[in-house]
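Me: I have a model open and would like to learn how to read its features one at a time. Could we start with a strand and work outwards?

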Amino acid sequence: MNADVFMQHGVAANDVPAPVRADIAPGAERRRHLSEVLYRPRSGTKRSLQLTCSAEPAERAFIDLAARKAKRSRSAYLMDCALTFAHAYLSDRRPEGVAPLPSPQATQDLMVLFGKLVREFGRVGNNLNQLVRTVHQGEMPNRAEDTLSELHQVAQRARLLLDQALAGVVAVVPDVSTGDRSRGLLSYLFGPGRRNEHTDPHIVAAFAMPGINDPGRVPIDQRPGALSELADYLDQPVKLREQRLGKKVPQHVWHCPVRTAPGDRYLTDEEWAEVARRIVHSTGIAEHGDDAACRWIAVRHAEDHIHIMATSVREDGRRPRNKGDGRRAQAECRRIETEFGLRRLMPGDATAPKTPSGPEVAKAERQGRKNTARVWLREHAYAAAAAARDEDEFFAVLTSLGIKIRPRLGPVTGEVTGYSLATADDTDAKGEPIFYSGSALAPDLSLNRLRERFGLADGKAAGQATALHTSRTDAGTSWRQADGELRAAYMLVTGATEGTAVDKADAKVQAQAAAFAELLHNTAVSAPRQLRAEIQAAAIAFNRANRSAIRADHRAADALRQAGRTLLTSSTGRDGDFVAAALTSAVFLLIALVEWHAQRGHAQQVAAAQQSLVHLRAAQQHAARPALAQLAARAPSPQAQDRLAAAVRATIPDHAHRILADPAWPALSTALAQAESAGTPPRQTLASLSGQRELDSADRPAEVLIWRLRTVTAERVSQRARSAATRSGRPPTNRHVTAVPTVHARPSDTESRRQGR
């Protein structure tokens, strides 16, 4: 079987074909992806059987070359290929003892943890550089051994995560680590914590509870002695092994914190004790019924987590067989979550923004702020990017908000290659502002990602954008334009949702999500004041849903993006109907994006979009309430309503019952009567609107038809006015036209964003 047939038969069901490139030979890109799925997952059982095969000298040389390119031994490479073929053809009949191939989702989840390790390496590396400089000066610093030990621990954790990645891990693993200072770890577990967050530290489980003296249950003045006694007791097997071998046992302290998710129910000490016993059993530290297992304790000093500490030398002097303990602990945690009724963490895709660190949260709490500086800067950077047409305007908006900007210049060309932001009141111990790079705020706020969206408008769209930024638009024109683009985006997203998994349409849908996020931010500035708080909350919540692992084709959503920026130039006026119509379309687009994300397994994006939907629906209902009440108060006579109901049954039979049962039906009858007075028969009006796909999923179909009908009527009136002006040779006048400053100088924008701080 050649490579083409191999890939066509779905060797890796989760593998995404690479885009075709003219500079790469046909098949080369597929071979590169083929090598990426040749993992060697392990089930934890030792492979004791040997398989043999025959080959010609030339074939063996060719296989050896491929194995070297894949950085594997010959036997490992052949096993990888065989297992990959087996998974491709027999994935539905995979025996329980055969580990599954890791999915791209698993790798993306673990990238978050790898990022944490990279930061730890950077911190230890800085200390290591200082040590090297001190040694070069002829001195031997006292902390050299501690720093090297810390570096070794980080390296071990990195190796552990790599093993878990190759094993196909799905969610976040318990944070297993090792060290060599039992007394130091005990001091932290039974101490006050870094911010006095530890409350009532005590032992909930241990290898021999009757023989353990709990330092948490002794007077505070006796605690240091109790900690030393406990450390010596746990280290006894370690000391005996060191005496027998004549050398120190490396990294003998095993540490595994286990935490429940926010919102989970309270676990009692007995339940945490069961969790600890199951974890040490599953990891091989202390299996059930093994009297010679390692010594361990489980300490609880908070409501939501425990720390399991063990000395990794057994009573018989041997080291435990705990290879792959992180992977095994995670598998046990998944079972515990199910059995205890706890919430399972949603898998990520490495696109989430960096969360504030502990010190950042503590500083915000001390200063009485709702958000940390990082979160505040992120929200305002998103709002500025939505309003700006290019990076110069983006930086101008940020400057008007009082945000400090520090550009990063290329060493050769001197061009701007990045930027960092800081608030005026967020400083370090020296009084210097603390800067956060754009990528540190969110992946799509890096300068390169912003440049992908800036300056995309060309041709007709660019001319319209320029004209709209230099002149004020009609009170309803910009909202009607936004409504139309939102409906077009809805059709595109629903079409992709009904299609197959990942294809070119997904890149366009992802672009629509990014442009919709910008439109929400601009709507929060331009909408009537009574709606801004809910829309701003919807925009902030949707920031997490506007990106995924799918790369966006931003040019495909340029029309929606331009419509959002046009809202910033609209004059204030009696545009309540148009606002309500646009918000209705936005709600339907958001519902479609929720379903699209759900079909592709974007759990975190689904949760964020659903949270945004709650706020957006609240804003839409608030905007629609006055107009619906006014229409319902002017409902036609019962005879006229019966005639209009008959038109509904004849034109839209599939939805007629739901439309007539909708509380908004009296308001719709008024709108239909008004359209009839304007010269459009009800059946013709309903026929032009019945093709709207929103009726299939609408809870209030009559309300949807009202806003569609009002928008169509307004467009016809506007078209007639333009035609009449063309015939008379005079431009149409607009009594609501007023002057407007450019986007980066809008005081209302600045004030509204400051209120969100």
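Reply: Start with β7, residues 416–422, and bear in mind that this is a predicted model. A residue is called buried when its relative accessible area is under 20%. In β7, five of the seven residues are buried, so this strand is largely enclosed by the rest of the structure.

Me: Which strands pair with β7?

Reply: To read pairing, look for bridges and for the sense in which the strands run. β6 (residues 404–409) pairs with β7 in the antiparallel sense over six bridges. Within that pair, Arg-408 has Gly-418 of β7 as its bridge partner. β8 (residues 436–437) is also antiparallel to β7, with two bridges. There, Ser-420 is opposite Ser-437 of β8.

Me: How many residues lie between β6 and β7 in their hairpin?

Reply: Six residues separate the two strands of the hairpin. In the turn, Gly-414 has a positive phi of about 75°.

Me: Which residues other than glycine have a positive phi?

Reply: Two cases are Asp-200, with phi near 50°, and Gln-251, with phi of about 50°. Asp-200 is in the loop between α7 (182–189) and β2 (202–206). Gln-251 is in the loop between α8 (223–245) and β3 (253–259).

Me: Are Asp-200 and Gln-251 buried or exposed?

Reply: Use the cut-offs: under 20% is buried, over 50% is exposed, and what falls in between is partly exposed. Asp-200 has 44% relative accessibility, so it counts as partly exposed. Gln-251, at 9%, is buried.

Me: Both of those loops lead into strands. In what order do the strands of the open sheet lie?

Reply: Read a sheet from one edge to the other. Here five strands lie in the order β1-β3-β5-β4-β2, with antiparallel pairing. β1 (177–179) and β2 are the edge strands, each pairing on one side only. From one strand to the next, the twist averages 25°.

Me: How many bridges join β2 to β4?

Reply: Four bridges join β2 to β4 (residues 295–300), and these two strands run antiparallel. Ala-205, for example, has Ala-298 of β4 as its bridge partner.

Me: Which helix packs on the sheet?

Reply: That is α9 (residues 269–283), which touches β2, β3, β4 and β5 (305–311). Its direction makes about 50° with that of β2. As for the strands themselves, side chains in a regular strand alternate between the two faces of the sheet.

Me: How should I read two helices that pack together? What is the angle between α19 and α21?

Reply: Take the angle between the axes, then the distance, then the handedness. α19 (residues 529–542) and α21 pack at about 20°, and their axes are 14 Å apart. Angles under 35 degrees count as roughly parallel, and α19 and α21 are therefore roughly parallel to each other. The crossing of α19 past α21 is left-handed. On the α19 side, Leu-531, Ile-535 and Phe-542 make the contact; on the α21 side, Val-579, Leu-583, Leu-590 and Leu-593 do.

Me: Which residues touch the most other members of the largest nonpolar core?

Reply: That core has 75 residues, and Phe-516, Phe-542 and Leu-616 touch the most other members. Helix α21 (residues 576–599) supplies the largest share, 15 residues. Setting aside neighbours within four places in sequence, Phe-516 contacts Leu-486, Phe-542, Leu-560, Ala-586, Leu-589, Leu-590, Leu-593 and Leu-616. Another core, of 27 residues, lies apart from this one and includes Cys-256, Val-280, Ala-310 and Phe-340.

Me: Loops can be buried too. Where does Ala-388 lie?

Reply: Ala-388 is in the loop between α12 (373–387) and α13 (391–400). At 0% relative accessibility, this residue counts as buried. Beyond neighbours within four places in sequence, Ala-388 contacts Glu-393, Phe-394, Phe-454 and Arg-565. Ala-388 and Arg-565 are 177 residues apart in sequence, with their C-alpha atoms 8.0 Å apart in space.

Me: How many helices and strands does the chain have?

Reply: The chain comes to 29 helices and eight strands. Of its 757 residues, 46% are buried. Among contacts between residues at least 6 apart in sequence, 73% join residues at least 24 apart.

Conventions. Residues are numbered from 1 along each chain as its sequence is written. This is a predicted model: local features need pLDDT of at least 70, side-chain atom pairs count only at pLDDT 80 or more; totals for chains, interfaces and linings use all residues. Side-chain values use heavy atoms; hydrogens and water are left out. Buried means under 20% relative accessible area, exposed over 50%, partly exposed in between (1.4 Å probe, protein chains only). A nonpolar core is a set of buried Ala, Val, Leu, Ile, Met, Phe, Trp, Tyr and Cys residues joined through side-chain atoms within 4.5 Å. Contact means heavy atoms within 4.5 Å. Two strands pair if DSSP finds at least two bridges between them. Axes are lines fitted to C-alpha atoms, for helices over the stretch in contact, and angles run from 0 to 180 degrees between N-to-C directions. Angles under 35 degrees count as roughly parallel, over 145 as roughly antiparallel, 65 to 115 as roughly perpendicular and the rest as oblique. A crossing is left-handed if the near helix is turned anticlockwise from the far one by less than a right angle, and right-handed if clockwise.
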